[in-house]
Amino acid sequence: MDTLSAAIMLFLIMDPLGNLPIVMSVLKPFEPKKRLLILARELVFSLLILLVFLFSGDAILAFLNIKQESVSIAGGIILFLIALRMIFPTPGGVMRLPEGEEPFIVPLAIPMIAGPSSMAALILLSNQAPGRMVDWTMALVGAWFLSAVILMFSNQFFKLLGEKGLSAMERLMGMILIMLSIQLFLDGIAAYLK
């Protein structure tokens, strides 16, 4: 997988367009300037968390005695399930905080931006090609930056695309993510059979 493909995969997994309504809902009680500060803080936390998972992926797998093929197959299955939820969303699921409480790490940084699937994908990338950590870091930072821009301009994107437009974009991203997940799954099976 090249750097651009990895960045696209990570961006699709982060799903900033799908997260827009939830982020807007969580930050709705706050003033616009406060919203931006909270969101910027949460975005920085999410990047730090994702970098930790990228650089400690090999150590985690070695500690748990898990082979690369297992991670690839499991990652493909997880991405497939997430992609299905993007294509066929279920009602509800918006995380609510107590009145006036400011979100801190949860639910915005984790699991909205740095979710389990992003962490699993980073462990997979670092395990598949540990010599390409600079490429994976660039892919992660690129995907995170594009997600951050979309989330920081959430009000403008919501006005531009509308609820139906956001839903259509999320479903399109889900279709692309299904193709990537099947490829990960097949790569894992091929590596196991060798």
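This report on a predicted model follows its first helix into the nonpolar core, then turns to a cavity and to one glutamate.

**Helix 1 and the core**

Helix 1 covers residues 3-14, and its 12 residues reach 16 Å from the first C-alpha to the last, close to the 16 Å expected at 1.5 Å a residue. The helix is mostly covered, since 9 of its 12 residues are buried, and the buried set consists of T3, A6, A7, M9, L10, F11, L12, I13 and M14. Just after helix 1, D15 adopts a positive phi of about 50 degrees.

The largest nonpolar core has 54 residues, and among these L10 and L140 touch the most other members. Helices 1 to 8 each supply at least two residues of this core, including helix 3 (32-64) and helix 8 (154-193), while helix 7 gives the most, with 9 residues. In soluble globular proteins, nonpolar side chains tend to be buried together. When neighbours within four places in sequence are left aside, L10 is in contact with S118, A121, L122, L125, A139, L140 and A143, so that L140 appears both as a contact of L10 and beside L10 as a residue that touches the most other core members.

**The cavity**

The structure holds 1 cavity of 30 Å³ or more, and the space in the largest cavity comes to about 40 Å³. Its lining is made up of G75, I78, L79, S117, A120, A121, L124 and L184; A121, one of these residues, is also listed among the contacts of L10. Helix 4 and helix 6 each supply at least two residues of the lining.

| Property of the largest cavity | Value |
|---|---|
| Volume | about 40 Å³ |
| Largest share of the lining | helix 6, 4 residues |
| Nonpolar lining residues | 6 residues |
| Polar lining residues | 2 residues |
| Charged lining residues | no residues |

**E170 in helix 8**

E170 lies in helix 8. Is E170 buried or exposed? Because its relative accessibility is 17%, which is under the 20% cut-off, E170 counts as buried. Apart from neighbours within four places in sequence, E170 is in contact with D15, G18 and M86, and D15 is the residue with the positive phi just after helix 1. The C-alpha atoms of E170 and L43, which are 127 residues apart along the chain, are separated by 20 Å.

Methods: Residues numbered from 1 in each chain as written. Predicted model: local features only at pLDDT ≥ 70, side-chain atom pairs only at ≥ 80, totals over all residues. Heavy atoms only, no water. Expected span 1.5 Å × (residues − 1). Buried < 20%, exposed > 50% of the residue type's maximum accessible area, 1.4 Å probe, protein only. Core = buried A, V, L, I, M, F, W, Y, C linked by side-chain atoms within 4.5 Å. Contact = heavy atoms within 4.5 Å. 1 Å grid on protein atoms, 1.4 Å probe; cavity = no way out; pocket = protein on both sides within 12 Å on 5 of 7 lines; lining within 4 Å. Points joined across faces, edges and corners; volume = space filled by probe spheres on them. Nonpolar A, V, L, I, M, F, W, Y, C, P; charged D, E, K, R; others polar.
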